[in-house]
Amino acid sequence: MASRPRQHRRPTPRAAPTRRPSVSTEDYLERIGELVDRTGGARMVDIARVLGVSRPSVTAMVKRLAGAGYVEYTRYRGLWLTPKGRGVAVQMKNRHATLKRFLVVLGLDEETQENDIEGWEHCLSPQTLAQIEALTRFLEARPAVLREFRQT
């Protein structure tokens with residue numbers, strides 16, 4: 001009985017894993033998005049002020065953001081979010097709003113809300129965030145259940 005030659009199969013190409021932006025990238029893009037929405041643009045001095053960092057730190061980060069395709073920067077004129085950067089900024093804004101609604105439903109004070117949101121918004125998976133959103137909608141639609149919960 002003759003043996004057949006082995007056929008070599010090429011491995012199926014796999015999509016490169018998409019890397020999530022770093023926490024600092026998300027923070028910068030979220031704040032830049034807020035500045036652009038509020039004032040029409042973002043200047044280095046404004047970014048430094050809202051993030052509480054030095055101007056040289058902002059300059060270094062903006063260079064990295066531009067290199068990664070998140071922003072376009074013109075010296076002395078300011079910067080703008082690219083569609084890629086706007087996507088991350090909007091995603092962070094939505095995450096923030098979802099977590100804010102959830103913590104408001106729980107009856108937590110403003111300071112606690114903001115401190116907790118800053119810690120959570122970068123580490124929660126999309127699945128967990130979706131469940132928090134669903135739980136928030138559930139509780140908002142059932143005021144009696146929410147009142148009962150708050151009394152415990």
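By class, the lining of the largest pocket in this predicted model comprises three nonpolar, two polar and four charged residues. The residues concerned are Arg43, Met44, Thr59, Lys63, Tyr73, Arg75, Tyr76, Arg77 and Gly78. The space in this largest pocket comes to about 190 Å³.

A look at the whole chain helps to place these residues. The chain contains seven helices and two strands, and its elements follow the order α-α-α-β-β-α-α-α-α from the N terminus on. Of the 152 residues in the chain, 32% are buried. Among contacts with a separation of 6 or more, 55% are made by residues 24 or more positions apart.

Met44, one of the residues lining the largest pocket, also leads into the surroundings of helix α2. This helix spans residues 44-51, and its axis comes within 9 Å of the axis of helix α3, residues 55-67, with a crossing angle of roughly 110°. The angle falls in the range of 65 to 115 degrees, and α2 is therefore roughly perpendicular to α3. On the α2 side, the contact is made by Met44, Val45, Ile47 and Ala48; on the α3 side, the partners are Arg55, Val58, Thr59 and Val62. Six of the residues in this contact are nonpolar, one is polar and one is charged. Thr59 thus appears both in the contact of α2 with α3 and in the lining of the largest pocket.

Which residues of α2 are buried? They are Met44, Asp46, Ile47 and Ala48. The cover over the buried residues of α2 includes helices α1 and α3, together with strands β1 (71-74) and β2 (78-81). After α2 comes Gly52, which has a positive phi, near 70°.

Helix α1, residues 23-39, includes Thr25. Is this residue buried or exposed? Thr25 has a relative accessibility of 10%, and because buried means under 20%, Thr25 counts as buried. With neighbours within four places in sequence set aside, Thr25 touches Met61, Leu65 and Tyr70.

Helix α1 also packs against helix α4. The general way to describe two packed helices is by the angle and the distance between their axes. For α1 and α4, the axes come within 8 Å and cross at roughly 90°, so the two helices are roughly perpendicular to each other. From α1, the contact involves Glu26, Leu29, Glu30, Gly33, Val36 and Asp37, which meet Gly85, Arg86, Val88, Ala89, Met92, Lys93 and His96 of α4. The class count for this contact is five nonpolar, three polar and five charged residues.

Several residues of the contact between α1 and α4, including Glu30, Gly33 and Asp37, appear again around an enclosed space. The structure has one cavity of 30 Å³ or more, and the volume of the largest cavity is about 50 Å³. Its lining is formed by Glu30, Gly33, Glu34, Asp37, Arg86, Ala89, Val90 and Lys93. The elements contributing two or more residues to this lining are α1 and α4, the latter covering residues 83-105. Five of the lining residues are charged, two are nonpolar and one is polar.

Further along α4 lie two residues that were examined individually, Ala97 and Arg101. Ala97 has a relative accessibility of 41% and counts as partly exposed. Its C-alpha atom is 9.9 Å from that of Glu121, a residue 24 positions away along the chain. Arg101 is likewise partly exposed, at 29% relative accessible area. What does Arg101 contact, once neighbours within four places in sequence are left aside? Its partners are Glu133, Thr136, Arg137 and Glu140. For one of these partners, Thr136, the C-alpha atom is separated from that of Arg101 by 7.1 Å, with the two positions 35 residues apart along the chain.

How values were computed
Residues numbered from 1 in each chain as written. Predicted model: local features only at pLDDT ≥ 70, side-chain atom pairs only at ≥ 80, totals over all residues. Heavy atoms only, no water. Helix = DSSP H or I, 4+ residues; strand = E, 2+ residues; numbered from the N terminus. Buried < 20%, exposed > 50% of the residue type's maximum accessible area, 1.4 Å probe, protein only. Contact = heavy atoms within 4.5 Å. 1 Å grid on protein atoms, 1.4 Å probe; cavity = no way out; pocket = protein on both sides within 12 Å on 5 of 7 lines; lining within 4 Å. Points joined across faces, edges and corners; volume = space filled by probe spheres on them. Nonpolar A, V, L, I, M, F, W, Y, C, P; charged D, E, K, R; others polar. Axes fitted to C-alpha atoms, helices over the stretch in contact; angles between N-to-C directions. Parallel < 35°, antiparallel > 145°, perpendicular 65-115°, else oblique.
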